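Biologist: Please take a close look at the cysteines in this model. I would like a connected account of their sulfur atoms and surroundings, followed by the aromatic rings.

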Amino acid sequence: RCLSVLRRRCDIAGKRLSGPGLAAEGRVLRSVLYVYHSKLLRHRPYLAMQQVEQCLKRLWKMNLVGCLETLVDLMPKKNASKAHVECLVPSQPVLETVALKVLGGCKLILRLLDCCCKASLLSVKHLCSKEFILLNTLASGLLSRLWFVIQYRCVLQTLTSLYGALSTMLHLVSEIQQTPYIKGFIFPSDISDFLGVNISSEAKKQKALMFTTKKSTSWMKKLFSPMPEAVSKVGKKRKSETCTSAIKNHSISCAMDIGETVV
């Protein structure tokens, strides 16, 4: 029963960690940092985004998904005959290694969520000051999506439940044959004590910080102030005239750069 629970939770955690959403957001984040590297090397939101990217990079370097796949391969297959009284189980060193990686992964994801929250708040703050509008708009959307992907797919909650199954299995295996591999570290029975925070309350607090908007001080209203109706009608008329003349004029080069640098 413990093996089947552990196998199922390993499969769920592997799928949620290797999902396309998290990888896609990571690639977009790396691309944005690469494009703006020479321009905004000392910009505070850019530096905060770099911390988010470092957390993601360390999470992939851990190879937690590969470690879970190795653990699943060491367990009996699902279709194995139940007539056998004995079965092979993963050894204590293997379970300790995976448990340690899961603990580190939980800590790293907590740090990642915290960095996402701080970087998003910094982006909105600089957006209100009308600094680097394009980058900060892109950053606030990207960071909130990355935070939402982790929370929506319950990556952290899945890893904590996986550690519970690992802890139970580790206790049973160590009772059968003690072969400790990691010395000088006591594996916690409750992962919440190790993380030092309540996961659900921390998620609610971060969500309140990231997604709470004040009607009177909305940054969208600051950037895009309401336009008078008369000016709006004149603008629409000029725009339609400009579009019509541009269609009629065939001498305009398609390669012309119509953008202007904003200081």
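**Cysteines and aromatic rings**

Modeller: In this predicted model, the sulfur of cysteine 10 has its closest cysteine sulfur in cysteine 67, at 8.9 Å, which is too far for a bond. The cut-off for a disulfide is a pair of cysteine sulfur atoms within 2.5 Å. Cysteine 10 is also buried, with a relative accessibility of 3%. Cysteine 116 likewise takes part in no disulfide, as the nearest cysteine sulfur, belonging to cysteine 115, lies 7.3 Å away. With a relative accessible area of 0%, cysteine 116 counts as buried. Across the whole structure, the search returns zero disulfides.

Turning to the aromatic rings, rings pair if their centres lie within 6.5 Å, and two aromatic pairs are counted. One joins phenylalanine 185 and phenylalanine 187: the ring centres are 5.1 Å apart and the planes stand at 85°, so the arrangement is edge-to-face. The other joins phenylalanine 185 and phenylalanine 194, with centres 6.5 Å apart and planes at 90°, so this pair is edge-to-face. Through these ring pairs, Phe185, Phe187 and Phe194 form a cluster.

As for accessibility within the cluster, phenylalanine 187 is buried at 19%, phenylalanine 185 is partly exposed at 30%, and phenylalanine 194 is partly exposed at 29%. Phenylalanine 194 has a further contact: the charged end of lysine 107 sits over its ring, 5.4 Å from the ring centre.

Conventions:
Residues numbered from 1 in each chain as written. Predicted model: local features only at pLDDT ≥ 70, side-chain atom pairs only at ≥ 80, totals over all residues. Heavy atoms only, no water. Phe/Tyr/Trp six-rings, centres within 6.5 Å; stacked < 30°, edge-to-face > 60°. Buried < 20%, exposed > 50% of the residue type's maximum accessible area, 1.4 Å probe, protein only. Lys NZ or Arg CZ within 6 Å of the ring centre and 35° of its normal.
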